[in-house]
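Colleague: Could you take me through one part of this model up close, beginning with a small sheet and then working outward to whatever else deserves a look? I would enjoy a connected tour rather than a list.

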Amino acid sequence: MPHHDPVDVLVVGAGPTGRALAHRAVASGLTAAVLDPSPARAWPATYGAWEDELPGWLPPALHAVRSDVVEVVARRTHRLDRAYVVLDTPGLQRHLSSDDRVGVVTGAAVGSRRVIGGAAGTVGVVARTGETVPARVVVDASGDRRTLTGGRAPGDRAAQTAVGVVLDRTDLPTVFMDWSVDHGRDPSAGAWPTFLYQVPLGGGRVLLEETALARRPALSHDELRSRLAARLAARGIEVPADAPEEVVTIAVDTPRTRGTGHVIPFGAAVPLIHPATGYGLAAALRMADPVVAAIAAHLPDGRAAATAAREVLWPCRARLVHHLRRRGLEALLALPPDRVPDFFDRFFSLPREQQRAYLSSRTDLVGVARAQLALFAAADPPLRRHLLRWGAMPIGDAHA
């Protein structure tokens, strides 16, 4: 596409969140483009979400599998009456990338600057090739790399890691978490606990994924691969040598950022990643329209549009909810390994509304606080003392 005329919205990053923002921008009548070194690369991840988290504009045809009942296995088995959806990743990529009104620029962004002699309120994203792509608003959707909004956070970050295999099976139910210790590592001896995430993918396939919910430092993929093999062997599940493998790493304590000037962080750069679950795509899909609406209401003043969009992303209640969840993450990381299943046993015994507030809402401050208080009330004395200690402890600058 020619670059002499600025687009309204230039998105740096052609992953799911970046493509979603560009898709919704042109749907609202704005001009948009994406900038990415490999804009057509296939998205490798499996994306799941609670059905009620997804926006209305996402076609139900992109739901590869819908499960009305989901199991959690901790000390007890919990049946969650909340529909869970696994998205059709190739279909989602085709849908979000199919609108030819979205321009595509192949290149790696290295910075932004004011365009000398350009249209009023215009900045340019500088690509590694030296090319400058002009835009009124720039969205940093480069993930936790945060190419235009501060770079990767320093220090040893907490991360969710997982290794999974895809098998041809139709007889396995949807299990959100299975904390059973048939993976060959004993949490009572100090081994960090992991769980099995088991979800049908459609087409007679199922994903079986050994997952470390969060750990600092991250649990290695080799360790997870070993645990998964031991768990599946213990259950008599054979894994063919050519079974497709999925490998996951998600930073869960990336510091909150707002961006500056004409630049808006989006997706994992914000971060929209839930600190205690690692989920973030549904939140990004849901926030795309409000962000685009804020931009549209203030153009052609790109700086004012970006400022308005950042306020939509981080209103006061969202900042407070994020802080409470970060405290929850730190409390979880500090638990004795053998108490982690107890924590989730109590959490998934809470009323559905409290579970949903903590897992899904970015701005329900009252609901999240009630969920945390209810969890505290349901805890035994040692767990209460732990939660009190970590609830009162400040989050250090290195992990803010």
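Modeller: Happy to. Let's begin with an open sheet of three strands, ordered β3-β7-β4 and paired in the antiparallel sense. The edge positions belong to β3 (48-50) and β4 (63-67); each has a single partner strand, so one side of each is left without a neighbour in the sheet. From one strand to the next, the twist averages 25°. Please keep in mind throughout that this is a predicted model.

Within this sheet, β4 and strand β7 (residues 84-87) are joined in the antiparallel sense over four bridges. If you want one pair to look at, take arginine 66, whose bridge partner in β7 is valine 85. As background, strands of a sheet pair through backbone hydrogen bonds, either parallel or antiparallel.

Next comes an open sheet of seven strands, where the pairing is mixed and the order reads β6-β5-β13-β14-β15-β12-β16. Here β6 (77-80) and β16 (245-251) stand at the edges with a single partner strand each, so one side of each has no neighbour in the sheet. The twist in this sheet averages 20° from one strand to the next. At the β16 end, β12 and β16 pair in the antiparallel sense over seven bridges, and threonine 161 has threonine 249 in β16 as its bridge partner. A helix, α3, lies across β12, β13 (175-178), β14 (195-202), β15 and β16, and it runs at about 40° to β12.

A hairpin is worth a stop too. β10 and β11 pair in the antiparallel sense over four bridges, with valine 123 standing opposite alanine 135 in β11. Four residues lie between the two strands of this hairpin, and glycine 130 in the turn has a positive phi of about 95°. How well is strand β10 (residues 123-127) covered? Five of its five residues are buried. In a regular strand the side chains alternate between the two faces of the sheet. For β10, one side carries Val123, Val125 and Ala127 and the other Gly124 and Val126, and all of these are buried, so that both faces are covered.

Now to the backbone details that you may want to check. Most residues other than glycine have a negative phi, and most peptide bonds are trans. Arginine 146 is not a glycine, yet its phi is positive, at about 45°. This arginine 146 is found in the loop between β11 (132-140) and β12 (159-168), and it counts as buried because its relative accessibility is 7%. There are also cis peptide bonds to look at. One joins arginine 216 and proline 217, with omega about 0°; proline 217 sits in the loop between β15 (205-215) and α3 (221-234). Another joins valine 270 and proline 271, again with omega about 0°, and proline 271 has its place in the loop between β17 (263-265) and α4 (281-298).

Let's turn to a pair of helices. Two packed helices are described by the angle between their axes and the distance between the axes. For helix α6 (residues 316-333) and α8, the angle is about 95° and the axes are 10 Å apart. These two helices are therefore roughly perpendicular to each other. In the contact, Leu324, Arg325 and Gly328 of α6 meet Ala357, Tyr358, Leu359 and Ser360 of α8. Those residues divide into four nonpolar, two polar and one charged. A quick check on α6: at 1.5 Å a residue, its 18 residues should span 26 Å, and the end C-alpha atoms are 26 Å apart, which agrees. Among the buried residues of α6 are Ala318, Val321, His322 and Arg325.

On the α8 side, arginine 356 lies in the helix itself (residues 352-360). Its relative accessibility is 31%, so arginine 356 counts as partly exposed. Leaving out residues up to four places away in sequence, arginine 356 touches Asp52, Arg82 and Ser361. The C-alpha atoms of arginine 356 and glycine 29 are separated by 34 Å, with their positions 327 residues apart along the chain.

For a last stop, serine 98 lies in the loop between α2 (89-97) and β8 (102-106). Serine 98 counts as exposed because its relative accessibility is 54%. Its C-alpha atom is separated by 8.7 Å from that of histidine 23, although the two residues are 75 residues apart along the chain.

Definitions and conventions
Residues numbered from 1 in each chain as written. Predicted model: local features only at pLDDT ≥ 70, side-chain atom pairs only at ≥ 80, totals over all residues. Heavy atoms only, no water. Buried < 20%, exposed > 50% of the residue type's maximum accessible area, 1.4 Å probe, protein only. Contact = heavy atoms within 4.5 Å. Pairing = 2+ DSSP bridges. Axes fitted to C-alpha atoms, helices over the stretch in contact; angles between N-to-C directions. Parallel < 35°, antiparallel > 145°, perpendicular 65-115°, else oblique. Nonpolar A, V, L, I, M, F, W, Y, C, P; charged D, E, K, R; others polar. Expected span 1.5 Å × (residues − 1).
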